[in-house]
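User: Let us go through this model by question and answer. Please reason briefly and finish each reply on the value or name requested.

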Amino acid sequence: MTIKPLIILPDPLLRQLSKPIERVDADLQRLADDMLETMYDAPGIGLAAIQIGVPRRMLVIDVSREGEEKQPQVFINPEIVKSSDERSVYEEGCLSIPDYYAEVERPAVVSVKYLDREGKEQMVEADGLLATCLQHEIDHLNGVLFIDHISRLKREMVIKRFTKAAKAKAL
């Protein structure tokens, strides 16, 4: 397993639409393992393939609490098939937007259809942190960032800050 470098805002790759995965094979499983290793190292609770520069529709999640046994989950070609009208608000952060957090309102419950790491079709009904995390990571696969769910003014300030930092780093 290899820890991959994270793509950081304002990299335009983060806005790219990820392509569906056609075959679940050993290479894809290696990618899933690398993504989990990268996510745990960051540390984070979710990671979309695009965040390590791979524009494929796959994400990994582990919402287990510190001190609990790890519960890594791999979602291939995830698709939200149902969302509740009830909403919930969580303070979200993102490995591609380090050290920035904001409250985001999303559906409280989602049903997600996906393939597991063996390529078998699965369905999960998620609420709480898992629902938020799935929506956040699926957004990544569609080129959407959590800052797109906050006010325009706050979003522009964040983008400006990260653009300035990227320019300073490039010098």
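User: Which residue does the side chain of Glu105 meet in a salt bridge?

Analyst: This is a predicted model, so local features need pLDDT of at least 70 and side-chain atom pairs count only at pLDDT 80 or more, while totals for chains, interfaces and linings use all residues. Residues are numbered from 1 along each chain as its sequence is written, and side-chain values use heavy atoms, with hydrogens and water left out. A salt bridge here is a side-chain nitrogen of Lys or Arg within 4 Å of a carboxyl oxygen of Asp or Glu. At 3.2 Å, N to O, the partner of Glu105 is Arg87.

User: Which strands hold Glu105 and Arg87, and how many residues apart are they?

Analyst: Helices (H or I, at least four residues) and strands (E, at least two) are DSSP runs, numbered from the N terminus. Glu105 lies in strand S5 (residues 97-107) and Arg87 in strand S4 (residues 87-94). The pair links distant parts of the chain, with a separation of 18 residues.

User: Is Asp34, the salt-bridge partner of Lys4, buried or exposed?

Analyst: The closest N and O atoms of Lys4 and Asp34 are 3.8 Å apart. Lys4 sits in the segment before helix H1 (26-41), and Asp34 is in H1, 30 residues apart. The cut-offs are under 20% relative accessible area for buried, over 50% for exposed and in between for partly exposed (1.4 Å probe, protein chains only). Lys4, at 30%, counts as partly exposed, whereas Asp34, at 11%, is buried.

User: Why are Glu156 and Arg152 about one helical turn apart?

Analyst: These two residues form a salt bridge, with the closest N and O atoms 3.0 Å apart. Glu156 is partly exposed at 41%, while Arg152 is exposed at 57%. Both belong to helix H3 (residues 152-170), and they are about one turn apart because their spacing is four residues.

User: How many salt bridges does the count come to?

Analyst: Some of them join up: Glu92, Arg106 and Asp139 are linked in a network. By the distance rule, the count comes to 10.

User: What is the strand order of the open sheet of five strands?

Analyst: Two strands pair if DSSP finds at least two bridges between them. S1 and S2 pair antiparallel over three bridges, S2 and S3 over four, and S6 (residues 109-115) and S7 over seven. Strand S1 (46-48) and strand S7 (121-127) are at the edges, each with a single partner, so one side of each has no neighbour in the sheet. The order is S1-S2-S3-S6-S7.

User: Which residue in S3 is the bridge partner of Leu59?

Analyst: S2 is covered on both faces: Met58 and Val60 on one side, and Leu59 and Ile61 on the other, are all buried. Val60 is the bridge partner of Leu47. For Leu59, the partner in S3 is Phe75.

User: What angle does the direction of H2 make with that of S2?

Analyst: Contact means heavy atoms within 4.5 Å. Axes are lines fitted to C-alpha atoms, for helices over the stretch in contact, and angles run from 0 to 180 degrees between N-to-C directions. H1 lies across S1, S2 (58-61) and S3 (73-83), at about 45° to S2. H2 touches S1, S2, S3, S6 and S7, and its angle with S2 is about 155°.

User: How many of the 14 residues of H2 are buried?

Analyst: H2 covers residues 128-141. Its buried residues include Leu130, Cys133, His136 and Asp139. The helix is largely enclosed by the rest of the structure, because the buried count is 12.

User: Which element supplies the largest share of the largest nonpolar core?

Analyst: Such a core is a set of buried Ala, Val, Leu, Ile, Met, Phe, Trp, Tyr and Cys residues joined through side-chain atoms within 4.5 Å. The largest has 31 residues, and Leu134 and Phe146 are among those with the most contacts inside it. S2, S5, S6, S7, H2 and H3 each supply at least two residues. The largest share, six residues, comes from H2.

Key:
Expected span 1.5 Å × (residues − 1).
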